[in-house]
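Student: I should like to work through this model with you, one question at a time. May we begin once it is on display?

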Amino acid sequence: DLPCMAYNRGLVVVVAAAVYPWPVVMFALTLSEVFSFTESALRWTPLCNMLLGILPAMLVFGLWIPCATAQLEWVVDLVHLAFCVVSPMYGLPGVLVATWVLLAPENPNALLEEPTMLGWFGC
């Protein structure tokens, strides 16, 4: 029994990593219909992936410490759920943030003591 599978965190991340390429490919195909040249779509796809996937995850993570110390965890939950519904690119980054932050121990500052996410998963 591996500690990284506690609360099925590791399994959720593996499933999210397996499913994550589908919305990215569908978004890239949709974006390619907007542009007349494929090269233009290739330039915009990474930028859209960053803006719709990575930056919202960083926002949820950045809100966690101030909201947890002020007993406002519901704000982080609400922002996370909103991004899950609105952004198809938030899948894998959102799962990583949710398993690392939203399932955090009672001490939110413990997240800052752990240098990597793998240590938090127990691997």
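Student: Leaving aside neighbours within four places in sequence, with which residues is T45 in contact?

Tutor: The model is a predicted one, in which local features need pLDDT of at least 70, side-chain atom pairs count only at pLDDT 80 or more, and totals for chains, interfaces and linings use all residues. Residues are numbered from 1 along each chain as its sequence is written, and side-chain values use heavy atoms, with hydrogens and water left out. T45 lies in helix α3, where a helix is a DSSP run of H or I with at least four residues, numbered from the N terminus. Contact means heavy atoms within 4.5 Å, and beyond its neighbours within four places T45 touches A28 and L31.

Student: Is T45 buried or exposed?

Tutor: Buried means under 20% relative accessible area, exposed over 50%, and partly exposed in between, with a 1.4 Å probe and protein chains only. T45 has 16% relative accessibility, so the residue counts as buried.

Student: Which other residues of α3 are buried?

Tutor: The buried set in α3 includes T45 itself. The others are A41, C48, G53, P56, A57, V60, W64, I65, C67 and A68.

Student: How far apart are the end C-alpha atoms of helix α3?

Tutor: The expected span of a helix is 1.5 Å times one less than its number of residues. For the 32 residues of α3, residues 38-69, this gives 46 Å. The separation in the model agrees with that expectation, at 47 Å.

Student: Where does α3 bend, and by what angle?

Tutor: The bend at a residue is the angle between axes fitted to the seven residues ending there and the seven starting there. In α3 the bend falls at M50 and is about 30°.

Student: Which residues does L52 contact, leaving aside neighbours within four places in sequence?

Tutor: L52 is also part of helix α3, and its relative accessible area of 32% makes the residue partly exposed. The C-alpha atoms of L52 and Y90 are separated by 6.4 Å, although the two residues are 38 apart along the chain. The contacts of L52 are F27, S87, M89 and Y90.

Student: Which backbone oxygen does the side chain of S87 reach?

Tutor: S87 sits in the loop between α4 (73-86) and α5 (91-102). With a relative accessible area of 8%, S87 is buried. Its side chain reaches, at 2.5 Å, the backbone oxygen of L52.

Student: How many aromatic pairs does the structure hold, and what is the angle between the planes of F35 and W44?

Tutor: Rings of Phe, Tyr and Trp (its six-membered ring) pair if their centres lie within 6.5 Å; planes under 30 degrees apart count as stacked, over 60 as edge-to-face and the rest as tilted. The structure holds 2 such pairs. F35 and W44 form a stacked pair, with 6.3 Å centre to centre and an angle between the planes of 15°.

Student: What is the centre-to-centre distance of F83 and Y90?

Tutor: F83 is partly exposed at 21% relative accessibility, whereas Y90 is buried at 1%. Their rings form a tilted pair with 45° between the planes. The distance centre to centre is 5.6 Å.

Student: How many helices and strands are there in the chain?

Tutor: From the N terminus on, the elements run α-α-α-α-α-α-α. A strand would be a DSSP run of E with at least two residues. The count is 7 helices and 0 strands.

Key. Polar contact = N/O pair within 3.5 Å; in protein donor to acceptor, adjacent residues only side chain to side chain.
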